[in-house]
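User: Hi! I'm new to reading structures and would love some help with this one. Could you walk me through it?

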Amino acid sequence: MDSMTLIGIVSIISAGITVALGSIAPALGEGRAVSTALTSLAQQPDAASTITRTLFVGLAMIESIAIYCLVISMILIFANPFWNHVIAQSAGK
Amino acid sequence: MRLSPDALVFWRHGFLVLNSTIVTTWALMLVMTVAAKLVTRKLATEGPISRWQGVLEIVVTTIQRQIKEVGLQHPEKYLGFVGTLFLFIAVSNLCAILPGYEPPTGSLSTTSALAISVFVAVQLFGIEEQGFGGYLKSYLKPTVIMLPFNIISELSRTFALAIRLFGNIMSGTMIVAILLTITPLIFPIFMNLLGLLTGMVQAYIFSILATVYIAAATRTREG
C-alpha cells in the first residue's frame, strides 16, 4: 500500500469518526442545558427573556465544540494538505 | 466545490488579490450605507413617521436594550460597534437567499477580521474605562499566577468567535451545495431555510458575546 492510498484511507475514516464522535458530547450537553432552562422557565416565567438569552448564548458555546469537529472533517475531505502534497508529487512524476 | 469564497478570484496583481469575499463585503457595505442614508434623510420626531424610520428605530432601541441588559450602563458608547457587528453579520447571512450569492462570513478571513476587531475593541474599552494601569492590573486578578491563563483565555475567546461564525456559515452553504448534487428538488430549500435561521442566531450570538466580553473588561472591580 503506497503512501497515497494510505493517506486517502486514513483521511476518509478520520473525517467520518471525527464528526461522529465529536457530536455525541455537545448533543448531550445541549439537551441538559435546554431541559434545565425549561425547568427554570416553568418556575419563574417572568424571567423568561433573561433565561432565553442566556440559554441561547450557552447553546452557541456548546455548539462551537461540534463546529470545531465539523471544520476539521471538512478540511480533511476538501482541503487536505497531505492529499494535495502527494497528488502534486505524483502529478510531477 | 469551493471551501470558501476566497477561492473565487476576479483579479490578481502581485500579492494584491480581488476575490469574491472582498467584492461582496464592499457591495454589502455600499448597500447598507446607501439605504441608511436614504432612510435618515428626513428624520421626524413627531407626527407621522415613515415606515423605514420606524423599522430602524425598532432595531436601534432593541440593540440598546440588549446592551443594557447585559450590564453596560451607558449603551450609547458601545451601540456603534456592537450594532455594526450585528447588522453586518445579519445582513450578510440573510442575503444568502439571493441566487448566486456567497456570504462573506463563510470565509475565515472575514470572521477572523471581525474577531480581531472585537479583541482590539475589548482592550480599548477596558483601557478607556479603567485607565491603562488599572486595566493591565485586572489581568493579575484574582492572583498573579492567573496571568498566563487570563491571556490564554483572551486569545482563545477570539479564536472561538472566528471559528464559530465561520463553521456555521460555511457548513450551511456547503450542505446546500452537496444537496444540490444529490437531491436537487425540495431538500436544498429546507437546508437554505435552516441556514438563514442559523445565520440570524449566529449574528445575535456574535454581538452578544462581544458585549459580554466588553462588559467583563469594563466592570470596575471592587475589592
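User: Let's start small. Where does B:Ser92 lie?

Analyst: Happy to help! This is a predicted model. In it, B:Ser92 is part of helix H3 of chain B, which covers residues 75-94.

User: Is B:Ser92 buried or exposed?

Analyst: B:Ser92 counts as buried, because 24 C-beta neighbours lie inside 10 Å. The cut-off for buried is 20 or more.

User: Which residues is B:Ser92 in contact with, leaving aside neighbours within four places in sequence?

Analyst: Those are B:Leu28, B:Pro103, B:Pro104 and B:Thr105. Take B:Pro103: it sits 11 residues from B:Ser92 along the chain, and 5.7 Å separates their C-alpha atoms.

User: Nice. Zooming out, how many helices and strands does chain B have?

Analyst: Chain B has 7 helices and 2 strands. Starting at the N terminus, the order is β-β-α-α-α-α-α-α-α.

User: And what box do the C-alpha atoms of chain B fill?

Analyst: Roughly 60 × 55 × 40 Å, taken along the principal axes. Chain B has 223 residues, and 28% of them count as buried. If you look at its contacts between residues at least 6 apart in sequence, 64% join residues at least 24 apart.

User: At what angle do helices H4 and H7 of chain B pack?

Analyst: The angle is about 30°, and the axes are 8 Å apart. H4(B) spans residues 108-130 and H7(B) spans residues 187-218. That angle makes the two helices roughly parallel, since angles under 35 degrees count that way. Their crossing is right-handed.

User: Which residues make that contact?

Analyst: From H4(B) you have B:Val118, B:Ala121, B:Val122, B:Phe125, B:Gly126 and B:Glu129. H7(B) brings B:Ala210, B:Tyr213, B:Ile214, B:Ala217 and B:Thr218. Sorted by class, there are 8 nonpolar, 2 polar and 1 charged residues.

User: Any reason the numbering skips along like that?

Analyst: Here's a handy general point: an α-helix has 3.6 residues a turn, so residues three or four places apart point the same way.

User: Switching to chain A: how many residues of H4(A) are buried?

Analyst: The number is 0 of its 12 residues, so H4(A) lies largely in the open. This helix covers residues 81-92 and reaches 16 Å from first C-alpha to last, close to the 16 Å expected at 1.5 Å a residue.

User: Last one! How many residues from each chain take part in the contact between A and B?

Analyst: Chain A gives 11 residues and chain B gives 13. On chain A's side, 10 are nonpolar, 1 is polar and none are charged.

How values were computed
Residues are numbered from 1 along each chain as its sequence is written. Chains are lettered from A and ligands numbered from 1 in the order in which they are written. This is a predicted model: local features need pLDDT of at least 70, side-chain atom pairs count only at pLDDT 80 or more; totals for chains, interfaces and linings use all residues. Two residues are in contact if their C-beta atoms, placed from the backbone, lie within 7 Å. Ala, Val, Leu, Ile, Met, Phe, Trp, Tyr, Cys and Pro count as nonpolar, Asp, Glu, Lys and Arg as charged, and the others, Gly among them, as polar. Helices (H or I, at least four residues) and strands (E, at least two) are DSSP runs, numbered from the N terminus. The expected span of a helix is 1.5 Å times one less than its number of residues. Axes are lines fitted to C-alpha atoms, for helices over the stretch in contact, and angles run from 0 to 180 degrees between N-to-C directions. Angles under 35 degrees count as roughly parallel, over 145 as roughly antiparallel, 65 to 115 as roughly perpendicular and the rest as oblique. A crossing is left-handed if the near helix is turned anticlockwise from the far one by less than a right angle, and right-handed if clockwise.
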